[in-house]
Amino acid sequence: MRAFSLCLALVLAAVTACGSVGEGTEPEAAPTGEEATPSARGQTFESDVELARELTEAYWKQTFSAAGLTYRPVTEFVAYRGEDGPDCGGQPSVPNNAFYCPVGHFIAYDEKWMNGLYEEMGDGSVYVIIPHEFGHAVQAQLNTTFRLNVEQELQADCYAGGTLGALVKGGSLQTEPGDEDELLINLAAAGDPTDDWLRPDAHGTAGQRQELFAKGYDQGTTAC
């Protein structure tokens, strides 16, 4: 892990959270999730997925509105298993993946794969993957262009960190012991083995992805 990782760990250790709805705190640029009790939300894989989707879209709706824009919710949020996922522009979905499809403006994820990550590495996986994919939906709505795929992926990591940071700081999510470790582990596991930015499928190394996620968390999505 690179030198910046120590600083990253300190940032996340203080404030990173996932897995339960906050109580009694007014959010800042984030929804409260007050229609359900904490015990009913964010305590299982299914409820964490639902909560991550709900809060992420509510955050972006409010953020777009504050900028004088209109956020367009995704048309579908599709759980699939293995090779049974939806096509995207004629391209079949693949196992062990989550993706945003601009053709149809939907998000799909391999439920068995993501549940396996949830069981193995904690609920942090849900709060990294889902906001990341919504980050791609935001890029599409803002018509953001990139020279390289890795730039697009790292900005989505930054958006994910910024979204989670707003939810935590606003009280919509509570901290739990070990959350910072879960997020770091999930980001590291998703990193590329080499720093080859020219690869068409490059997402960034573990260190790069952690750094951009932390930047978003610390400075907000406007810094992405």
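**Exercise 1. Determine whether Asn96 is buried or exposed, and describe its backbone and its place in the chain.**

Solution.
Step 1. In this predicted model, Asn96 has a relative accessible area of 53%. The threshold for an exposed residue is over 50%, and therefore Asn96 counts as exposed.
Step 2. Asn96 belongs to the loop between β1 and β2.
Step 3. The phi angle of Asn96 is near 55°, a positive value in a residue other than glycine.

**Exercise 2. Carry out the corresponding analysis for His105: what is its phi angle, where does it lie, and is it buried or exposed?**

Solution.
Step 1. The phi of His105 is positive, at about 55°, although His105 is not a glycine.
Step 2. The loop that holds His105 runs between β2 and β3 (106–110).
Step 3. The relative accessibility of His105 is 2%. Buried means under 20%, so His105 is classed as buried.

**Exercise 3. Characterise Asp84 and give the distance between its C-alpha atom and that of Pro95.**

Solution.
Step 1. Asp84 is placed in the loop between β1 and β2.
Step 2. With 65% relative accessibility, Asp84 counts as exposed.
Step 3. Asp84 and Pro95 are eleven residues apart along the chain, and their C-alpha atoms are separated by 8.3 Å.

**Exercise 4. State how many salt bridges the structure holds, and analyse the pair formed by Glu57 and Arg53.**

Solution.
Step 1. There are four salt bridges in the structure. Side chains of opposite charge can pair when their charged atoms come close.
Step 2. One of these bridges joins the side chains of Glu57 and Arg53, with an N to O distance of 3.5 Å. The criterion is a distance within 4 Å.
Step 3. Both residues lie in helix α2 (residues 45–66), and because they are four residues apart, about one helical turn separates them.
Step 4. Glu57 counts as buried at 12% relative accessibility, whereas Arg53, with a relative accessible area of 27%, is partly exposed.

**Exercise 5. Explain which parts of the chain are tied together by the salt bridge of Glu111 and Arg81.**

Solution.
Step 1. The side chains of Glu111 and Arg81 form a salt bridge with an N to O distance of 3.9 Å.
Step 2. Glu111 is located in helix α3 (residues 111–121), and Arg81 in the loop between β1 (76–80) and β2 (98–101). The pair therefore ties together parts that are 30 residues apart in sequence.
Step 3. Glu111 is partly exposed, its relative accessible area being 24%. Arg81 is also partly exposed, with a value of 46%.

**Exercise 6. Give the N to O distance of the salt bridge between Glu151 and Arg147, and the exposure of Arg147.**

Solution.
Step 1. The side chains of Glu151 and Arg147 meet at 3.1 Å, N to O.
Step 2. The relative accessible area of Arg147 is 72%, and Arg147 is exposed.

**Exercise 7. Describe the packing of helices α4 and α5: its geometry, its handedness and the residues involved.**

Solution.
Step 1. Helix α4 (residues 124–141) packs with helix α5 (residues 149–169) at an angle of about 115°, and the two axes are 7 Å apart.
Step 2. The crossing of these helices is right-handed.
Step 3. The residues contributed by α4 include Tyr127, Val128, Pro131 and His132. Among those of α5 are Ala156, Tyr159, Ala160 and Leu164.
Step 4. The contact is made up of eight nonpolar, seven polar and two charged residues.

**Exercise 8. Identify the surroundings of Ile129.**

Solution.
Step 1. Ile129 is a residue of helix α4. Its relative accessible area is 15%, and Ile129 is buried.
Step 2. Apart from neighbours within four places in sequence, Ile129 is in contact with Ala98, Trp113, Met114 and Leu117.
Step 3. The C-alpha atom of Ile129 is separated by 9.4 Å from that of Ala52, a residue 77 positions away along the chain.

**Exercise 9. Summarise the protein chain as a whole: its secondary structure, burial, contacts and surface.**

Solution.
Step 1. The chain has seven helices and three strands, arranged along the sequence as α-α-β-β-β-α-α-α-α-α.
Step 2. Of its 224 residues, 50% count as buried.
Step 3. Among contacts with a separation of 6 or more, 69% are between residues 24 or more positions apart.
Step 4. The accessible surface is about 10,600 Å², and carbon and sulfur atoms account for 51% of that surface.

Note on methods:
Residues numbered from 1 in each chain as written. Predicted model: local features only at pLDDT ≥ 70, side-chain atom pairs only at ≥ 80, totals over all residues. Heavy atoms only, no water. Helix = DSSP H or I, 4+ residues; strand = E, 2+ residues; numbered from the N terminus. Buried < 20%, exposed > 50% of the residue type's maximum accessible area, 1.4 Å probe, protein only. Contact = heavy atoms within 4.5 Å. Areas by Shrake-Rupley, 256 points an atom, 1.4 Å probe, with all protein chains shown as cover. Axes fitted to C-alpha atoms, helices over the stretch in contact; angles between N-to-C directions. Left-handed = near helix turned anticlockwise from the far one by under 90°. Nonpolar A, V, L, I, M, F, W, Y, C, P; charged D, E, K, R; others polar.
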